[in-house]
Amino acid sequence: MDLGLTGKTAIVCAASKGLGRACALSLAREGVELVITARTASELEKTAAEISKETGVKVTPVAGDISTEEGRAAALAACPAPDILVNNAGGPPPGDFRDWDREDWIKAIDANMLAPIFLIKSVVDGMCDRKFGRIVNITSASVKSPIPVLGMSNGARAGLTGFVAGLARQVARHNVVINNLLPGPFLTDRLRSGAAHEAGKRNVAVDDVIAERAKATPTGRVGDPAEFGDACAFLCSAKIGFIVGHNLLLDGGGFNSSIA
Ligand code: NAP
């Protein structure tokens, strides 16, 4: 299927590695010109060059922290009127909520709730005027099934989800659609560091924890970031204007429900 994206432009946040990178690559394969962001300039530039080399599309790296005003302004300066916005940032650390103070919570809310909301605010009216927009927020399976050690992630992402549910229905008439992608376990640095945290507590090998996570899904494996990237490109397609305000779980069937 031709997704109808050739010549479109996108900002993909937090995209030097992992799920963000996979989304950027899948969009580039569809002919989307990209601005990608991450904090570490060297990694980001390497990724931009790799994606550009493979796909032949223009990929502009903009280094910065997307949870800050400056980071968002830099990305928007490089692409003020994107057709597509993929919101993403690193996830909050695991832990016990008794150890988290206000500062910790503000960091999580800034990165995983307010950064996407302010980026949406910056681009959504222009998308409505141009009668095309696709916004995908990378959240987490924890939105549907909270993960006890990731309390800040559970909380901040739930806030974003609630906001998006309302806004998605206000802009859909302009062919601007907003959906969320909810990753379960995907083999990225984030998964490895979470597994390392758990392995340390249980005094077992990190690979054993990852193998347990794989076994816990009906697919018997963890996800490949490339699968996530392709799902993202699909949700950015010109042909999906009737898919509005969804929370699409990509978790290998791990969420046990008659209606996922
Ligand atoms: P990852 O492999 O660790 O990659 C994170 C990417 O985001 C890197 O490019 C990183 O580069 C960038 N980044 C992090 N914080 C940033 C910030 N404040 N501003 C700009 N760029 C930033 O993580 P991932 O697995 O792809 O996870 C992506 C999101 O999905 C996270 O929120 C994570 O919690 C969530 N998630 C992942 C899984 C999973 O299994 N992988 C499951 C559920 C939810 P720099 O460090 O250089 O900035």
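Buried means under 20% relative accessible area, exposed means over 50%, and partly exposed sits in between (1.4 Å probe, protein chains only). Keep that handy for the exercises below.

This is a predicted model, where local features need pLDDT of at least 70, side-chain atom pairs count only at pLDDT 80 or more, and totals for chains, interfaces and linings use all residues. Residues are numbered from 1 along each chain as its sequence is written, and side-chain values use heavy atoms, with hydrogens and water left out.

**Exercise 1. Sort out the nonpolar cores, starting with the largest one.**

Step 1: Get the term straight. A nonpolar core is a set of buried Ala, Val, Leu, Ile, Met, Phe, Trp, Tyr and Cys residues joined through side-chain atoms within 4.5 Å.

Step 2: Look for the residues with the most contacts inside the largest core. That core has 34 residues, and the ones you want are Val12, Leu27, Leu34 and Ile36.

Step 3: Ask which elements build it. Helices (H or I, at least four residues) and strands (E, at least two) are DSSP runs, numbered from the N terminus. At least two core residues come from each of strand 1 (9–12), helix 1 (18–29), strand 2 (33–38), helix 2 (41–55), strand 4 (84–87), strand 5 (133–138) and helix 8 (225–235). Helix 1 gives the most, with six residues.

Step 4: Zoom in on valine 12. Leaving out residues up to four places away in sequence, valine 12 has contacts (heavy atoms within 4.5 Å) with Gly20, Cys23, Ala24, Leu27, Leu34, Val35, Ile36, Thr37 and Val86.

Step 5: Don't stop at one core. There is a second, separate core of 29 residues, and Val123, Val124, Val176 and Ile240 are among them.

**Exercise 2. Work out which residues line the largest cavity.**

Step 1: On a 1 Å grid over the protein atoms alone, a cavity is a set of points where a 1.4 Å probe fits but cannot get out, and lining residues have an atom within 4 Å of a point.

Step 2: Check the space. The largest cavity holds about 40 Å³; grid points are joined across faces, edges and corners, and the volume is the space filled by probe spheres set on the points.

Step 3: List the lining: Asn87, Asn88, Ala89, Ala111, Asn112, Pro116, Ile138, Arg157 and Leu160. Helix 4 (102–130) and helix 5 (151–171) each supply at least two of the lining residues, and helix 4 gives the most, with three.

**Exercise 3. Track down some salt bridges and see how accessible their partners are.**

Step 1: You're after a side-chain nitrogen of Lys or Arg within 4 Å of a carboxyl oxygen of Asp or Glu. The whole structure has nine salt bridges.

Step 2: Try arginine 21 and glutamate 50, whose side chains meet at 2.5 Å, N to O. Arginine 21 is in helix 1 and glutamate 50 in helix 2, 29 residues apart, so this pair links distant parts of the chain. Arginine 21 is partly exposed at 23%, and glutamate 50 is partly exposed at 36%.

Step 3: Now take arginine 202 and glutamate 198, with their closest N and O atoms 2.6 Å apart. Because they are four residues apart in helix 6 (residues 189–202), about one helical turn separates them.

Step 4: Finish with glutamate 227 and arginine 221, which meet at 2.8 Å, N to O. Glutamate 227 counts as partly exposed because its relative accessibility is 34%, and arginine 221 is partly exposed too, at 40%.

Conventions. On a 1 Å grid over the protein atoms alone, a cavity is a set of points where a 1.4 Å probe fits but cannot get out, and a pocket is an open set with protein on both sides within 12 Å along at least five of seven lines; lining residues have an atom within 4 Å of a point.
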